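Visitor: Could you take me closely through a single part of this model, the side of one chain that touches its partner? I would like a connected account rather than a list.

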Amino acid sequence: MAVHQLVPSLLPGDAMGQAAIHFQLLLRRLGHFGELYAEELAPGFSSLVKPARELRPAKDDLVLYHHGISSPLSGALLHLRCRRGIIYHNITPARFYEGTPLWESLMSGRAQLTAMAPFMDLSIGVSRFNSEELRSTGHRNVHTVPLFVEPRRFGADRADPRMLAKLSDPAPALLCVGRVVPHKRVEDVLSLHAELLRLRPTARLWIVGSYAPGNAYVRKVFRLAKRLANVEFFGRMSHAQLVAAYRAASILISMSEHEGFGLPLLEAMASELPVLAYAAAAVPETLGGGGIGFTEKRYALLAELVDELHRNPKLREAVHRTQTRRLSQLSADAAARRLEQALATPDRPRKTLRRRAGKPRVAIVVQRFGEVIGGAEAHARSIARRLSRDFQITVLTTCAKDHLTWTNEFAPGKTRIDGIPVIRFPTERARTMRSFNRLSRQLFQRSNDRLHEEHWVAEQGPAAPALLEYLSTEAKNYEGFIFFTYLYSTTVWGCPLVADRAIVVPTAHDEAPLRFDLYTDVFEHARVLFCNTPEEAQLVRRRFAKHAPIRVVGVGVDRATADPARFRRKYGIDRPYLMYVGRMEAGKGIPELVKAHRRLLRAEKEAPLLVLAGSSAAKIEGPGVRYLGVISDGDKADGLAGALAAVIPSRYESLSLLALEAFAQRTPILANAESDVLCGQVTRSGAGASYEDFESYQGGIRKIAAERGPMARRALSYARQHTWPRVISAYRQEMRKIVEDQR
Amino acid sequence: MRLLGDAIKQSDLLQRLEERLRARGLGPDPEARASSVGIEPPVDPLSFNLAALEEHADPTRSLPLQTHRGGVGRAVLLAKWAFRTTCQVFINEALARQRLFNGHVRDSYAQLSAEVLRLRAEVERLQAASTKKRAVRRG
């Protein structure tokens, strides 16, 4: 059963869209695959959300529709031939909007709420307040699943530093977060500010939230604000700016007369900001003893309270403690438990594992498989081949060959590679590198909300929903899962579906996406992480405080028989050479390597030749540089055996198979010093040098040339520590624990 | 007025704040209202939709002029008002058939919703009768 979500709109900054993204997270953690569908979507978000008209649920599927203001989707929902559910976010009482076009939309939304009741299999309120309203309109099977925030996204380190510097000041600052609309009663916030100014003339008021400048109410509020000192309207802010505002303010104030939940209250709590809120509608429930609520708007008294809260550290600390407690009660885990109860129906028993006789069934999930170039993919293939002796292995992968475009090149369906069953799933969309790189540049520079990070993963791909659906529906047929590469959607969206049975081989290195909080879904929820090197393990420990258990496992390396003379003859190479074998991409540091080597050639007549091999979109040639194209495994072994050193220019490595293969051929490595992993390999093996600039590049080559003999011995000794039996034993041991736990 | 929250002793804190107000010569605010935590009454969809169809059946009637934009938005409003004032006769002509059509939709909906209400009442009556029969049989 898939659980799809239907939302009227999915736009950045839109609370309902954000809630849908959060429900998606909960559903994944509960093992349910599902997609997002929206009536209105933000430009560029089509990779993450599909148009509502494309929703074609199966009879057994559940569609959860997010309801607020009137939407044609509420009618469309009633005609879907599947199980139907509503997630109710509440509707602002129409009395606040008498005489405006909104009045009718609000009333209509309420009429729709009642009309939907007899057709719903499940009704969810995001607060008990909303659930009560659902019951009063005739909904049955009503459950409460509160909204939540991810507290780490509101940490001090997530604040936009420029905004934080701009706002920081010892004077008290009131912060009001929400749209400038009548029921939020921004005029009441201004009244409070006016009273506060009498006590503290330097007090400031910041209003964060969108507004329509031509709207009569907004113009009234602006007129009132003009009469007061130190009032600033920021409009809508980015996530990082919003965190800065929360972190710089003294108190969050809410004068809203109606909230179905009041997410900014939780955001403030996560930002360690005391909350002072008018106790209307669901607000007392959301506060739940945290912060301070008030039942009457006595502005002079409230100004005294703000002053007290600002100046009294003991009171602030006490409030902070209650807010921290409340935040933990409204966690994602708590919401997941509530949602699990809501989705459990008597006629639908929980998914239980199907036990079979014979070898345990294990699925290896990897973005590409077979005749593809890529370290992680080759790693997955080696593990699949070797584990198949003890387990019934099936590889779940895509039809893509090229990891840049994810174009479907292999046929979908079942096939066999190395005698192992492989199921290929088609990708739904090709990646456009230009727009993807543009999005990456935007998001890598700042902290983001989950919506933007999920969007980035969707753009990154591979978009293979059928693979995820298979994982969800067929999980019961597998006793364990091994996911390769943390980065791709197949892992970040696939792993949570089966996290308690999943070994993840993250192949992580210090790169911008690793800072996305969304990857906690992998690093903190998997059963165990298999890192390739101690440096990778250290990186994961630093980045993810609550990481899953880590084992440093790596790969084994076979020492292929090699004939360096054959390589020299075949390619006409008659002088010492450095060799690189791998993808010729900017991300691998090839342009910088070629540049440094050309400079070396100008400086030294006797400089070695630089030999490059691997797939490349552009031809790289020139004096002192030879590009061989894609070469066979035999040529690779021959070439590495005869090289002065294998050169590894990549900044981003979680292991470097090339380094191990070179060591196995008694060849030292010359590695980019910016990679901790490569530096670790150089230090631990004592068979190579690292470089960070031209001088160290030149010096590294000289050092290797001078110590080539001893380094060759150390290289071989290091390679002998990395054997397949040791590696496979770790996989076998961990997978058997997983299998045992289920039996 | 009540203050809520586990971090505070409500009476102590309120007393302290009231004392400060008194020291400044300020008393209670007579206009302050108590907050509402009650839910909104349900809206019956059949009667609401019928009322909405009646309200909007005549497409020649203008909606209130409004804009959410500043600056140019005001000028556009003025232009809309001028168009309405000078061209109403042509608007009526262009939308005459739509007006008739909307009238039929409204009347059809009124008849159908009345029928739904009658059928619901009938189902309720039959269900009640069936429950009563079962109870008599049992015992």
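Guide: What follows looks at the side of chain A that touches chain B, and then turns briefly to the rest of chain A. The model is a predicted one, and in it 43 residues of chain A are in contact with 37 residues of chain B. On the chain A side, the elements that give two or more residues are α3 (101-116), α4 (128-136), α10 (283-287), β13 (292-294), α11 (299-311) and α12 (313-329), and of these α3(A) gives the most, with nine residues. Sorted by class, this side of chain A has 21 nonpolar residues, together with twelve polar and ten charged ones. The two chains also meet through strand pairing, since β13(A) and strand β1 (residues 3-4) of chain B run antiparallel over two bridges, and within that pairing F294(A) has L3(B) as its bridge partner in β1(B).

As for the setting of this side, chain A is divided into domain 1 (3-144), domain 2 (151-334), domain 3 (361-552) and domain 4 (564-722), and the C-alpha centres of its domains 2 and 4 lie 58 Å apart. Chain A also holds an open, mixed sheet of eight strands, in the order β16-β17-β15-β14-β18-β19-β20-β21. At its edges stand β16 (413-417) and β21 (550-552) of chain A, each with a single partner strand, so one side of each is left without a neighbour in the sheet. Within this sheet, strands β18 (residues 480-484) and β19 (residues 502-505) of chain A run parallel and are joined by four bridges, with F481(A) opposite A502(A) in β19(A).

Methods: Residues numbered from 1 in each chain as written. Chains lettered and ligands numbered in written order. Predicted model: local features only at pLDDT ≥ 70, side-chain atom pairs only at ≥ 80, totals over all residues. Contact = placed C-beta atoms within 7 Å. Nonpolar A, V, L, I, M, F, W, Y, C, P; charged D, E, K, R; others polar. Pairing = 2+ DSSP bridges. Domains from an automatic or database assignment.
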